Amino acid sequence: MESESESGAAADTPPLETLSFHGDEEIIEVVELDPGPPDPDDLAQEMEDVDFEEEEEEEGNEEGWVLEPQEGVVGSMEGPDDSEVTFALHSGHKDSVTCAGFSHDSTLVATGDMSGLLKVWQVDTKEEVWSFEAGDLEWMEWHPRAPVLLAGTADGNTWMWKVPNGDCKTFQGPNCPATCGRVLPDGKRAVVGYEDGTIRIWDLKQGSPIHVLKGTEGHQGPLTCVAANQDGSLILTGSVDCQAKLVSATTGKVVGVFRPETVASQPSLGEGEESESNSVESLGFCSVMPLAAVGYLDGTLAIYDLATQTLRHQCQHQSGIVQLLWEAGTAVVYTCSLDGIVRLWDARTGRLLTDYRGHTAEILDFALSKDASLVVTTSGDHKAKVFCVQRPDR
């Protein structure tokens, strides 16, 4: 077991091919992001005519993406060089946009800001078709099969809307933030985690909880992430208490608990206490093998065997993991971390396949295209980068 857990950093690992963006074709686009908030006077003038309640359609293309020409920047993305292109979205948001995502059929795109203002646009026309102002936003997710949007807010509510007609349903949790959530693959249930460590599995049609996990069954700190396997039979939850819990979606019972070996000897945390040095930041299920991956703030990527509920590999990063994603149809897991690097790992062996560099600050989030050919990253260096990750040797 020891040799397997250290296989991600074994001495006999073949030399790693590092892909740098300087003069390299792996980065196919760089998008400069706004380096700071707009001037308050400019923002007030820009939003003066926006009526959020009436949802009136603005004239022209002010609600769409606008290409901003810059000195020395080629406007066309089809140029032969790695030109940088900046886009500005005049969206009417009142605060930092923290959530964005496409609907199941990619015809709609939704954005949400910290204040709880959510907006949805038609992709082909770039027209705003719906908006709603809820409480302070914690998370947002589209339904996997329908034009239905879900979101969790700091008041403990989970909201569900039909878009664009706006039919709304709320699921009231405890009197604390709904910190994370996920719609299960059947589209009929959703799992939501809360700041008090409780977990609720909701019936979306009836609007009532099917299962509630609290106390020893729940977590001893705020939840940070949740995931479901491909058929929706298992749920994985992560928390600042440094535990990842495997839950049966059918019975609502905890069937396994995972902790990294590096903190296994630490005493159990009391109610409301948080781990000072570590926490679960991201997790997910492999679609082709009975494996689960858990990413920790201390930089540990743990690959667990679900059949035996044992640690299969432990892969170390130089800094904390922010997000992880499994590649569909393979046993490859992607991670992004606070050192600004995207890494690809073979979960079968724990070996680092390659990494992608280019950011000068931490990566805040990333997404993988459906065909696993592109990775898009956003970073604290105010840049979004598009990496080509489709390679003949994989």
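User: Which residues does Leu283 touch, not counting those up to four places away in sequence?

Analyst: Leu283 touches Cys225, Val226, Ala227, Leu236, Thr237, Gly238, Ala244, Ala293, Val294 and Leu324. Contact here means heavy atoms within 4.5 Å. A word on the source: this is a predicted model, where local features need pLDDT of at least 70 and side-chain atom pairs count only at pLDDT 80 or more, while totals for chains, interfaces and linings use all residues. Residues are numbered from 1 along each chain as its sequence is written, and side-chain values use heavy atoms, leaving out hydrogens and water.

User: What makes a set of residues a nonpolar core, and which members of the largest one touch the most others?

Analyst: The members must be buried Ala, Val, Leu, Ile, Met, Phe, Trp, Tyr or Cys residues joined through side-chain atoms within 4.5 Å. The largest such core has 17 residues, and Leu236, Phe258, Leu283, Phe285, Val294, Tyr296 and Tyr304 touch the most other members. Strands that each supply at least two of its residues include β17 (223–228) and β21 (280–285); a strand is a DSSP run of E, at least two residues long, numbered from the N terminus.

User: Why is Asn229 called buried or exposed?

Analyst: Buried means under 20% relative accessible area, exposed over 50%, and partly exposed in between (1.4 Å probe, protein chains only). Asn229 has 13% relative accessibility, so this residue counts as buried. Asn229 lies in the loop between β17 and β18 (234–239).

User: How do you know what the side chain of Asn229 reaches?

Analyst: A polar contact is a pair of N or O atoms within 3.5 Å; within protein, one must be able to donate a hydrogen and the other to accept it, and residues adjacent in sequence count only if both atoms are side-chain atoms. The side chain of Asn229 has two such partners to look at: the backbone nitrogen of Gly232 at 3.0 Å and the backbone nitrogen of Leu234 at 3.0 Å.

User: Why are Trp130 and Phe132 called a pair, and of what kind?

Analyst: Rings of Phe, Tyr and Trp (its six-membered ring) pair if their centres lie within 6.5 Å; planes under 30 degrees apart count as stacked, over 60 as edge-to-face and the rest as tilted. Here the centres are 6.2 Å apart and the planes at 5°, so the pair is stacked. Trp130 is buried at 3%, whereas Phe132 is partly exposed at 26%. Trp159 and Trp161 are stacked too, at 5.8 Å and 10°.

Terms used: Helices (H or I, at least four residues) and strands (E, at least two) are DSSP runs, numbered from the N terminus.
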